[in-house]
Amino acid sequence: RGPVISIQKKSPGFDGQIYALKRSSWEEVAALKSLAGCRNVVALHEHFMHGSAVCARLECMEGGSFRSYLRAKSPSSVPEDAVRH
């Protein structure tokens with residue numbers, strides 16, 4: 001729903017993991033919560049309001065989104081294994 005910014009929280013006792021912060025919607029947050037047990041869905045770590053915007057802190061996918069992967073390839077060059085799961 002919006003651009004993603006990679007962030008890393010620097011506080012005492014933090015694990016150093018990199019997260020993605022993005023503008024979201026209540027519908028997306030609800031969908032991610034309902035799919036939390038699926039291993040092939042990006043994990044929602046928290047969500048919050050920033051002014052009037054819904055924001056979500058997500059698992060960072062270093063390779064980018066599946067959508068951007070598909071857009072960068074021609075349909076015939078995407079291996080079946082990549083879309084099976």
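Two strands pair if DSSP finds at least two bridges between them, and this idea will be useful at several stops on the tour. Keep in mind throughout that the model in your viewer is predicted.

**The whole chain**

Begin by showing the whole chain as a cartoon, in which you can look for 3 helices and 4 strands. If you follow the chain from the N terminus on, its elements run β-β-α-β-β-α-α. Of the 85 residues in the chain, buried residues make up 16%.

**Strand E4 and its neighbours**

Now select strand E4, residues 53–59, and look at how it is covered, since 6 of its 7 residues are buried. On one stop beside E4 you will find strand E3, residues 44–50, which is joined to E4 by 6 bridges and runs antiparallel to it. To see one of these places in detail, select methionine 49, whose bridge partner in E4 is valine 54. Then move to the turn, because E3 and E4 form a hairpin with 2 residues between them. In that turn, click on glycine 51, which has a positive phi of about 65°.

Next, add strand E2, residues 18–24, which runs antiparallel to E4 and is joined to it by 6 bridges. Within this pairing, select tyrosine 19 and look across to glutamate 59 in E4, which stands opposite.

**Arginine 57 and its contacts**

Side chains of opposite charge can pair when their charged atoms come close. With that in mind, show the side chains of glutamate 46 and arginine 57, which form a salt bridge whose closest N and O atoms are 2.9 Å apart. This pair links distant parts of the chain, as glutamate 46 belongs to E3 and arginine 57 to E4, with their positions 11 residues apart in the numbering. Are the two partners buried or exposed, or something in between? Glutamate 46 counts as partly exposed because its relative accessibility is 36%, whereas arginine 57, at 16%, is under the 20% limit and therefore counts as buried.

Keep arginine 57 selected and bring back tyrosine 19, for arginine 57 lies over the face of tyrosine 19, at 4.1 Å from the ring centre. Rings paired with other rings are another matter, and here the count of aromatic pairs comes to 0.

**From serine 25 to glutamate 28**

Go next to serine 25, which has its place in the loop between E2 and helix H1 (26–34). Serine 25 is buried, with a relative accessible area of 12%. From its side chain, a polar atom lies 3.1 Å from the backbone nitrogen of glutamate 28.

Now turn to the side chain of glutamate 28, and ask which lysine forms a salt bridge with it. The partner is lysine 22, and the closest N and O atoms of the two residues are 3.0 Å apart. Glutamate 28 counts as partly exposed at 24% relative accessibility, while lysine 22, at 8%, counts as buried. With this stop you have visited both salt bridges, since the count for the structure comes to 2.

**The cysteines**

For the last stop, select cysteine 55 and cysteine 60. How many disulfides does the structure hold? The number is 0. Cysteine 55 is buried, with a relative accessible area of 12%, and cysteine 60 is partly exposed, with a relative accessible area of 22%.

Key:
Residues numbered from 1 in each chain as written. Predicted model: local features only at pLDDT ≥ 70, side-chain atom pairs only at ≥ 80, totals over all residues. Heavy atoms only, no water. Salt bridge = Lys/Arg side-chain N within 4 Å of Asp/Glu carboxyl O. Buried < 20%, exposed > 50% of the residue type's maximum accessible area, 1.4 Å probe, protein only. Disulfide = S-S within 2.5 Å. Phe/Tyr/Trp six-rings, centres within 6.5 Å; stacked < 30°, edge-to-face > 60°. Lys NZ or Arg CZ within 6 Å of the ring centre and 35° of its normal. Polar contact = N/O pair within 3.5 Å; in protein donor to acceptor, adjacent residues only side chain to side chain.
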